[in-house]
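Reader: I should like to learn how the features of a protein model are read. Could you guide me, giving the general idea before each case?

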Amino acid sequence: MKKTLSGIFTIIFAAVFSLNAFAAEQTTVIMTVDSNVMTVNGEEQVLEQAPVIIDGRTLVPVRAAVEAIGGEADWNSETREITITKGTDVISMTIDSNTAYLNGEETILDTAPVIINSRTCMPIRFIAEGLGFEVSWNADERQITITGTEEEEEEISEDEETEEAAEEESAEPITEVYVSFGDSEFFTLHFYDNETAATIGAFAAMEDWQLPIYHYDDYENWEVMQYYEIPSSYEIPTDPETVTEEAAGSVYMSEDNEILLFYKDAEVEGEYTPLGYFDWSEEFVDAIENNPVVEGWDNKLIHISING
């Protein structure tokens, strides 16, 4: 297993990041109550909405703060819900609601998120600590300091590149992963031999994925397909081709960082990259169709692992 995992990391270097490697760097974000200036590692940025104190709790403009520490924030105007992602961590909160969720676990907040001057402001301590950062408060300066480690790319030497390339030649590629639908048994996803599948296999080898499930509903046979959104922080190469007939169990990758599964036969034209396939069975379809919605996510979930 050690040899295989070493090769997996090599695949990531070669297929995704070329001559780059990851290095941990300290990230420091400083925000001041009622000030529109934020510093990120010493560099000033102008905020459209300054941090405020409500009911003794500090609320900050969510998008600016989250992006400063390497995360992403999405806004659903219909449900007034904010979804924050960083790696595999997911935080969901709703405007004027004290209930928040971190990776599906419910938390009751002292102060609910609010909208100020058309900007969403949220309690920063819950968010930052939920994403693995530390938060400190300077009462005299009325400053919030967020600190933690963030991964950044750095160049590796030519000798290191040669060594990694040699390891890659002897590595055993990830040819399959295991997928469960909710609490179902694991089913095997067999990968095709292409760069897209190799990259996903390499990422899955580094950490298990738990992804929300969505359905397309803009064509007649939507009930035969579902898709799983991979966070954009994972760079997945694609090489799409036109497909018109999808056999049950076929799996594709879209250019929108989505894995698409056709769990029944379909004739739906699209531009997808072939990724792999599941061995079709009645048990496979039952697991998909009977996968329950998880409280706190308001979605069904799948679990992807190399261990099963």
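Author: Let us begin with contacts: two residues are in contact when they have heavy atoms within 4.5 Å. The model shown here is predicted. Among its contacts between residues at least 6 apart in sequence, 56% join residues at least 24 apart.

Reader: How many helices and strands does the protein have?

Author: The protein has six helices and 23 strands. Of its 308 residues, 46% are buried.

Reader: How should I read a sheet, and what is the strand order in the open sheet of five strands?

Author: In general, strands of a sheet pair through backbone hydrogen bonds, either parallel or antiparallel. Here the five strands follow the order 6-7-8-9-10, and their pairing is antiparallel. Strand 6 (72-76) and strand 10 are at the edges; each has a single partner strand, so one side of each is left without a neighbour in the sheet. From one strand to the next, the twist averages 20°.

Reader: Which residues are bridge partners in strands 9 and 10, and how many residues lie between these strands?

Author: Strand 9 (residues 99-102) runs antiparallel to strand 10 (residues 105-108), and four bridges join them. Leu102 has Glu105 of strand 10 as its bridge partner. The two strands form a hairpin with two residues between them, and Asn103 in the turn has a positive phi of about 50°. Strand 9 also pairs with strand 8 (residues 89-94), in the antiparallel sense, over three bridges. There, Leu102 is the bridge partner of Ile91.

Reader: What is the order of the open sheet formed by four strands?

Author: That order is 4-5-12-11, again with antiparallel pairing. Strand 4 (52-54) and strand 11 (114-116) occupy the edges with a single partner strand each, so one side of each is left without a neighbour in the sheet. Neighbouring strands of this sheet are turned against each other by 40° on average, direction ignored. Three bridges pair strand 11 with strand 12 (residues 119-123) in the antiparallel sense, and Val114 stands opposite Cys121 in strand 12.

Reader: How is empty space found, and which residues line the largest cavity?

Author: Rolling a probe the size of a water molecule over the atoms shows where empty space is left. This structure holds one cavity of 30 Å³ or more. About 40 Å³ of space lies in the largest cavity, which is lined by Val179, Leu189, Tyr228, Val251, Ile259, Phe278, Ile302 and Ile304. By class, that lining has eight nonpolar residues, no polar and no charged ones.

Conventions. Residues numbered from 1 in each chain as written. Predicted model: local features only at pLDDT ≥ 70, side-chain atom pairs only at ≥ 80, totals over all residues. Heavy atoms only, no water. 1 Å grid on protein atoms, 1.4 Å probe; cavity = no way out; pocket = protein on both sides within 12 Å on 5 of 7 lines; lining within 4 Å. Points joined across faces, edges and corners; volume = space filled by probe spheres on them. Nonpolar A, V, L, I, M, F, W, Y, C, P; charged D, E, K, R; others polar. Pairing = 2+ DSSP bridges. Axes fitted to C-alpha atoms, helices over the stretch in contact; angles between N-to-C directions. Buried < 20%, exposed > 50% of the residue type's maximum accessible area, 1.4 Å probe, protein only.
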